[in-house]
Amino acid sequence: MFREGFAAYVCLLLVRHCANAMPLKRHQDAVNNRPIIGILAQEVFDDVMKPFGKTYIPDSYVKYIESGGSRVVPIRLTLTSTEYENIFRSINGLLLIGGSPDLETSDFARVSRIFYELAVKANDGGDYFPIWGTCFGMQLLTALVAGENLLTLTPAENITLPLNLTAYVHSSRMFKGFPSEVMTALSREPLTGNFHNFGITIKTFAENEKLHKFYTVLSTNVAENGATFVSTMEAKSYPFYGVQWHPEVNCFQWDPDMQFPHSPYAVRVSSLLAEFFIDEGRRSLHSYDTPDEEASSLIYNYSPMYTQNFTRYEQIYFF
Ligand SMILES: *[C@@H]1O[C@H](CO)[C@@H](O)[C@H](O)[C@H]1NC(C)=O
Ligand SMILES: *[C@@H]1O[C@H](CO)[C@@H](O)[C@H](O)[C@H]1NC(C)=O
Ligand SMILES: *[C@@H]1O[C@H](CO)[C@@H](O)[C@H](O)[C@H]1NC(C)=O
């Protein structure tokens with residue numbers, strides 16, 4: 001018993017030491033084991049989806065967040081700034097999902113900016129608040145830092161790829177908990193599903209000072225036109241993370257016409273990243289003012305619709 005206790009104490013010291021050595025301003029030792037992640041609803045463009053709502057969230061993203069041990073709050077695009085501030089004070093992280101609205105002028109971009117600015121301010125003040133961007137969400141994270149749309153053509157539509165990991169991956173937060181055999185698989189096997197036409201090339205990234213001062217590139221990939229694009233990145237001093245690929249499809253999307261990786265390692269990669277992001281959310285102590293307000297905000301108040309027969313998604317929440 002004593003030995004175990006001692007080992008745990010040494011571990012704690014090591015963990016504290018590591019945490020202190022990180023560039024992030026982490027002051028909180030308390031852990032929130034009932035995290036809630038907000039997911040911004042995406043704008044509907046697809047004609048077949050229009051009859052059901054103006055905005056939507058594919059259930060795969062909801063399940064992805066839930067698989068890491070979190071609950072989900074959907075966030076609509078039609079609220080006031082005050083309402084967004086209230087939501088921000090109540091949730092423990094934000095997921096920006098894929099889609100195709102305008103990177104600068106859309107409602108999705110406008111609401112993302114509100115949360116992004118709140119998150120930067122909060123983190124600066126020692127109030128930990130993580131943001132994860134997937135595909136369009138990652139592209140948005142680059143525009144929010146750079147203040148401009150830096151996208152160029154990097155077509156990789158319906159293609160699975162191994163990640164070309166950079167040297168920074170070994171000191172990254174995102175991949176810190178990955179067993180070495182999963183990292184090896186990630187760099188050799190096509191475990192990442194790509195569904196994009198645009199992206200941030202490494203040339204753009206290297207040339208934009210705002211971008212490369214803020215983010216570290218953890219992996220790159222080559223598009224069908226030969227352009228090398230940033231496929232994974234994490235912010236240097238903020239808990240902000242971006243992937244140009246789609247970790248959620250590995251576990252939660254099954255359209256046989258799409259290149260969705262479902263091998264055991266593909267599932268591990270998806271699960272480990274979901275767990276990593278939710279761990280980040282556990283560092284946030286934001287909470288709803290009342291249990292009733294929390295209960296009425298959660299995704300459980302909505303039912304996903306069966307959409308497998310007319311979209312690439314099995315289930316979608318419409319708002
Ligand atoms: C991986 O990236 C390195 C630069 O970081 C580059 O030299 C190499 O050619 C890339 N490999 C592939 C397979 O894209
Ligand atoms: C996706 O790629 C697979 C494998 O190349 C192909 O069989 C399938 O038709 C593609 N789906 C679409 C929608 O292009
Ligand atoms: C999809 O399936 C649902 C439920 O079976 C059905 O009500 C709906 O009409 C179908 N939609 C299309 C476009 O086939």
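**Sheet, helices and ligand shells**

In this predicted model, four strands form an open sheet in the order 2-3-14-13, with antiparallel pairing.

Me: Why is one side of strand 2 and of strand 13 left without a neighbour in the sheet?
Reply: Strand 2 and strand 13 (305-306) are at the edges and each has a single partner strand, so there is nothing in the sheet on one side of each.

Me: What makes strand 2 and strand 3 a pair?
Reply: Pairing needs at least two bridges found by DSSP. Strand 2 (residues 42-43) and strand 3 are joined by two bridges and run antiparallel, so the pair qualifies. Gln42 sits opposite Tyr56 of strand 3.

Me: And how do you know that strand 3 pairs with strand 14?
Reply: Three bridges link strand 3 to strand 14 (residues 315-318), again antiparallel, and the cut-off is at least two, so they pair. Ile57 has Tyr317 as its bridge partner in strand 14.

Me: What joins strand 13 to strand 14?
Reply: Two bridges, in the antiparallel sense. Here Tyr306 has Gln315 of strand 14 as its bridge partner.

Me: Which way do the residues of strand 3 point, and are they buried or exposed?
Reply: Thr55 and Ile57 of strand 3 (residues 55-58) point one way, Tyr56 and Pro58 the other, and all are buried. "Buried" takes 20 or more other C-beta atoms within 10 Å of the residue's own, so each of these residues has at least that many.

Me: Why are helix 2 and helix 10 called roughly perpendicular?
Reply: Their axes cross at roughly 70° and come within 7 Å. The label covers 65 to 115 degrees, so helix 2 and helix 10 are roughly perpendicular to each other. On helix 2 (residues 59-67), the contact uses Tyr64, Ile65 and Ser67; on helix 10, Ser270, Ser271 and Ala274. By class, these contact residues are three nonpolar, three polar and no charged.

Me: Where does helix 2 lie relative to the strands?
Reply: Helix 2 lies across strand 3 and strand 14, at about 50° to strand 3.

Me: What makes the shell around ligand 1 three polar and one nonpolar?
Reply: The shell holds Asn164, Thr166, Thr220 and Val222. Val counts as nonpolar, while Asn and Thr fall among the polar residues, so the split is one nonpolar, three polar and no charged.

Me: And which residues surround ligand 2?
Reply: Asn158, Asp257, Met258 and Gln259. Asp counts as charged and Met as nonpolar, so the shell comes to one nonpolar, two polar and one charged.

How values were computed. Residues are numbered from 1 along each chain as its sequence is written. Chains are lettered from A and ligands numbered from 1 in the order in which they are written. This is a predicted model: local features need pLDDT of at least 70, side-chain atom pairs count only at pLDDT 80 or more; totals for chains, interfaces and linings use all residues. A residue is near a molecule or strand if its C-beta atom, placed from the backbone, lies within 6 Å of it. Axes are lines fitted to C-alpha atoms, for helices over the stretch in contact, and angles run from 0 to 180 degrees between N-to-C directions. Angles under 35 degrees count as roughly parallel, over 145 as roughly antiparallel, 65 to 115 as roughly perpendicular and the rest as oblique. Two residues are in contact if their C-beta atoms, placed from the backbone, lie within 7 Å. A residue is buried if 20 or more other C-beta atoms lie within 10 Å of its own, exposed if 12 or fewer, and partly exposed in between; C-beta atoms are placed from the backbone.
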